[in-house]
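Let's take a walk through this fold, strand by strand. Have the structure open as you read.

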Amino acid sequence: MRKTAIVFVALLALGLSACSGKYKPDAQAGAGDDGTATETGAAGATGEPGVPADCVDQTGGEATVTMSDFAFVPDCLRVSAGSKLTLVNEDQSAHSFNVQGGTISETLDVGDTVEIKSIDLAPGTYAFNCGFHPPMVGTLVVE
Ligand SMILES: [Cu+2]
């Protein structure tokens, strides 16, 4: 029993040293590659300042924002100017949806759905928020 354990430990030590010997050069090469790729990707993907890279694309003509757990879902969306926007309050509290500039301002009670037939905003990036809950904020990108 004891012999087996010693052999096992010895093999483990050999395995670890072999791994760590190989690991270092690979890790350094990988880090360099990753760093370069990330920088290139970020510059290419996020052309607009203040717009998260994971902003949800809803430019197909119909967009939806849901209010849930005191947050907007999604909290960043891309829409086409003139398209329909549906607001749904699935939360246990009333919320409002106010777009920067005041062109869209809606208050939704619990369970309410509001359809805005046409997003009449010039292309650009607009902040939106809930007037009742300051942490509830989002970004609307109109294309
Ligand atoms: Cu709210």
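Strand 2, covering residues 62-68, runs antiparallel to strand 3, and three bridges hold the pair together. To find your place on this pairing, look for Thr66: its opposite number in strand 3 is Val73. Keep in mind that what you're looking at is a predicted model.

Now zoom out a little. These strands belong to an open sheet of four, ordered 3-2-5-8, and the pairing in this sheet is mixed. Strand 3 (71-73) and strand 8 (113-116) sit at the edges; each has a single partner strand, so one side of each is left without a neighbour in the sheet. Going from one strand to the next, the twist averages 20°.

There's another open sheet to look at, this one built from six strands in the order 1-4-10-9-6-7, again with mixed pairing. Its edges are strand 1 (56-57) and strand 7 (105-108), each of which pairs on one side only. Strand 1 lines up with strand 4 (residues 76-79) in the parallel sense, over two bridges. If you want a spot to check there, Asp57 has Arg78 in strand 4 as its bridge partner.

So how far does the confidence go? The protein chain averages a pLDDT of 78, with 67% of the residues scoring at least 70. Over residues 4-46, though, the pLDDT is below 50, and this stretch has three contacts in the model beyond near neighbours in sequence. Where pLDDT is low, the predicted coordinates shouldn't be read in detail.

How values were computed: Residues are numbered from 1 along each chain as its sequence is written. This is a predicted model: local features need pLDDT of at least 70, side-chain atom pairs count only at pLDDT 80 or more; totals for chains, interfaces and linings use all residues. Two strands pair if DSSP finds at least two bridges between them. Axes are lines fitted to C-alpha atoms, for helices over the stretch in contact, and angles run from 0 to 180 degrees between N-to-C directions. pLDDT is the predictor's confidence in each residue, from 0 to 100. Two residues are in contact if their C-beta atoms, placed from the backbone, lie within 7 Å.
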